[in-house]
Amino acid sequence: KGSWVLHTLRWTVGDEAFFAGLRRAAYPDAVRLRAKDGSQVRLVDTDDIIAIFEEEAGRDLGGFFELYVRQPALPRLIETRDGDVLELRWETPDDLPFDVPVPVRVGEDVHRVAMDDGAGSLTLSAGAEYVVDPDAWLLKE
């Protein structure tokens with residue numbers, strides 16, 4: 001589950017914030033980044049990781065970590081299409097807040113659907129075919 005959580009975190013915050021966060025977790029300052037003698041090694045806990053990634057992403061990730069790390073159940077992604085509108089909704093254990101964006105491929109384009117308050121939508125052209133999470137970024141039931 002840990003590798004999937006990191007994979008989904010990468011999608012959620014983007015490559016720049018993700019890789020900067022990993023580097024800061026391992027090497028918290030310039031001195032440790034340059035060290036080659038093992039002195040850069042340190043231990044971090046979940047709260048340290050949350051703080052690092054929130055700072056790098058510039059946003060609150062509490063709901064992300066609460067859902068994926070602090071309890072075992074996974075979210076479900078509910079999708080419905082009504083005419084030209086694709087509606088997406090996260091269903092979470094205990095109705096935990098969850099706003100992870102959802103990738104949707106329409107033709108050759110992948111759209112990043114914002115999921116404010118756990119729901120979002122995408123207007124499709126008439127008859128357009130789509131694939132939700134085509135590259136398997138999301139850890140979900």
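These legends go with a set of close-up views of a predicted model.

**View 1. The largest nonpolar core.** This core has 31 residues, and the members touching the most others are L9, F64, L77, L88, W90, V102 and V104. Helices and strands both chip in: α1 (2-13), α2 (15-26), α4 (46-57), α5 (62-68), β2 (85-91) and β3 (102-106) each give at least two residues to this core.

**View 2. Who W90 touches.** Skip the neighbours within four places in sequence, and W90 is still in contact with P75, R76, L77, F98, V100, V102, M115, G118, L138 and K140. Two of these partners, L77 and V102, also turn up with W90 among the core residues that touch the most other members.

**View 3. Helix α1 and its cover.** With 12 residues, α1 reaches 16 Å from its first C-alpha to its last, close to the 16 Å expected at 1.5 Å a residue. Its buried residues are V5, T8, L9, W11, T12 and V13. Among the elements covering those buried residues are α2, α4, α5, β3 and β4 (109-113). Just past the end of α1, look for G14, which takes a positive phi of about 95°.

**View 4. E55 on helix α4.** E55 has its place in α4. This residue counts as exposed because its relative accessible area is 58%, and the cut-off for exposed is over 50%. Look for A17 too: A17 and E55 are 38 residues apart along the chain, yet their C-alpha atoms are separated by 8.7 Å.

**View 5. The three-stranded open sheet.** The strand order here is β4-β3-β6, with antiparallel pairing. β4 and β6 (130-132) stand at the edges with a single partner strand each, so one side of each has no neighbour in the sheet. From one strand to the next, the twist averages 25°. Zoom in on antiparallel β3 and β6 and you'll find three bridges joining them. R105 has V131 of β6 as its bridge partner.

**View 6. Strands β2 and β5.** This pair is antiparallel and runs over five bridges. One spot to pick out is V85, which stands opposite T123 in β5. In a regular strand, side chains alternate between the two faces of the sheet. Strand β5 (residues 119-123) shows such alternation: G120 and L122 point to one face and are buried, whereas A119, S121 and T123 point to the other and are not buried.

Terms used
Residues are numbered from 1 along each chain as its sequence is written. This is a predicted model: local features need pLDDT of at least 70, side-chain atom pairs count only at pLDDT 80 or more; totals for chains, interfaces and linings use all residues. Side-chain values use heavy atoms; hydrogens and water are left out. A nonpolar core is a set of buried Ala, Val, Leu, Ile, Met, Phe, Trp, Tyr and Cys residues joined through side-chain atoms within 4.5 Å. Buried means under 20% relative accessible area, exposed over 50%, partly exposed in between (1.4 Å probe, protein chains only). Helices (H or I, at least four residues) and strands (E, at least two) are DSSP runs, numbered from the N terminus. Contact means heavy atoms within 4.5 Å. The expected span of a helix is 1.5 Å times one less than its number of residues. Two strands pair if DSSP finds at least two bridges between them. Axes are lines fitted to C-alpha atoms, for helices over the stretch in contact, and angles run from 0 to 180 degrees between N-to-C directions.
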